[in-house]
Amino acid sequence: MATVCTAAAAVLGVAASGVHAVTGFEPVLTSVEVEPGAVGEVVAVCPVGKTATGGGFVTEEEDDSWEVLTSGGGFVSTNQTGWGVAARNTGTEPQTLHAEAICVDSGS
């Protein structure tokens with residue numbers, strides 16, 4: 001039998017011998033516009049019944065005009081998880097900050 005990488009099995013929903021497949025993969029992206037010099041906070045929240053297994057942030061600019069203050073996952077209410085980001089726009093123009101949560105079925 002071929003060996004299956006657990007991380008690949010989770011992403012692809014492939015079950016290896018003795019490993020349960022992750023189901024219900026759903027990325028959630030939430031955005032906020034941040035003025036120059038301001039701190040923006042954004043949270044991508046998984047739907048009820050899903051759990052955040054990871055996440056991160058995305059910016060549309062390529063000039064490194066962000067100071068990321070925090071980026072992490074956790075509970076956002078008693079029955080929902082997500083991924084939050086706080087960052088300062090160090091540029092001279094308004095910019096968009098995106099938080100992304102990688103959500104899967106909670107029972108997976």
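This is a short tour of a predicted model, stop by stop.

Before selecting anything, note that residues are numbered from 1 along each chain as its sequence is written. In this predicted model, local features need pLDDT of at least 70, side-chain atom pairs count only at pLDDT 80 or more, totals for chains, interfaces and linings use all residues, and side-chain values use heavy atoms, with hydrogens and water left out.

**Whole chain.** Show the chain as a cartoon. There are one helix and six strands, in the order α-β-β-β-β-β-β from the N terminus. Helices (H or I, at least four residues) and strands (E, at least two) are DSSP runs, numbered from the N terminus. Of the 108 residues, 28% are buried; buried means under 20% relative accessible area, exposed over 50%, and partly exposed in between (1.4 Å probe, protein chains only).

**Colour by pLDDT.** This is the predictor's confidence in each residue, from 0 to 100. The chain averages 81, and 79% of the residues score at least 70. Now select residues 1–15, where pLDDT stays under 50. The model has 11 contacts beyond four places in sequence for residues 1–15, a contact being heavy atoms within 4.5 Å. Where pLDDT is low, the predicted coordinates should not be read in detail.

**Strand 2.** Select residues 39–45. Gly 40, Val 42 and Ala 44 lie on the covered face of strand 2, while Val 39, Glu 41, Val 43 and Val 45 lie on the uncovered one. Add strand 5, residues 80–89. Strands 2 and 5 run antiparallel and are joined by seven bridges; two strands pair if DSSP finds at least two bridges between them. Opposite Gly 40, look for Ala 87 in strand 5.

**Strand 4.** Select residues 66–77, then Val 76 within them. Val 76 counts as partly exposed because its relative accessibility is 39%. Add Val 43 and Val 45: with Val 76 they form a nonpolar patch on the surface, with about 190 Å² of accessible area together. Such a patch is made of residues with over 30% relative accessible area and no salt bridge (a side-chain nitrogen of Lys or Arg within 4 Å of a carboxyl oxygen of Asp or Glu), with nonpolar side chains (Val, Leu, Ile, Met, Phe, Trp, Tyr) joined within 5 Å and like charges within 9 Å. Accessible areas come from the Shrake-Rupley method with a 1.4 Å probe; for residues, only the protein chains shown count as cover.

**Gly 72.** Stay in strand 4 and select Gly 72. At 27% relative accessibility, Gly 72 is also partly exposed. Which residues does Gly 72 contact, leaving aside neighbours within four places in sequence? They are Gly 82, Trp 83 and Gly 84. The C-alpha atoms of Gly 72 and Gly 84 are separated by 5.6 Å.
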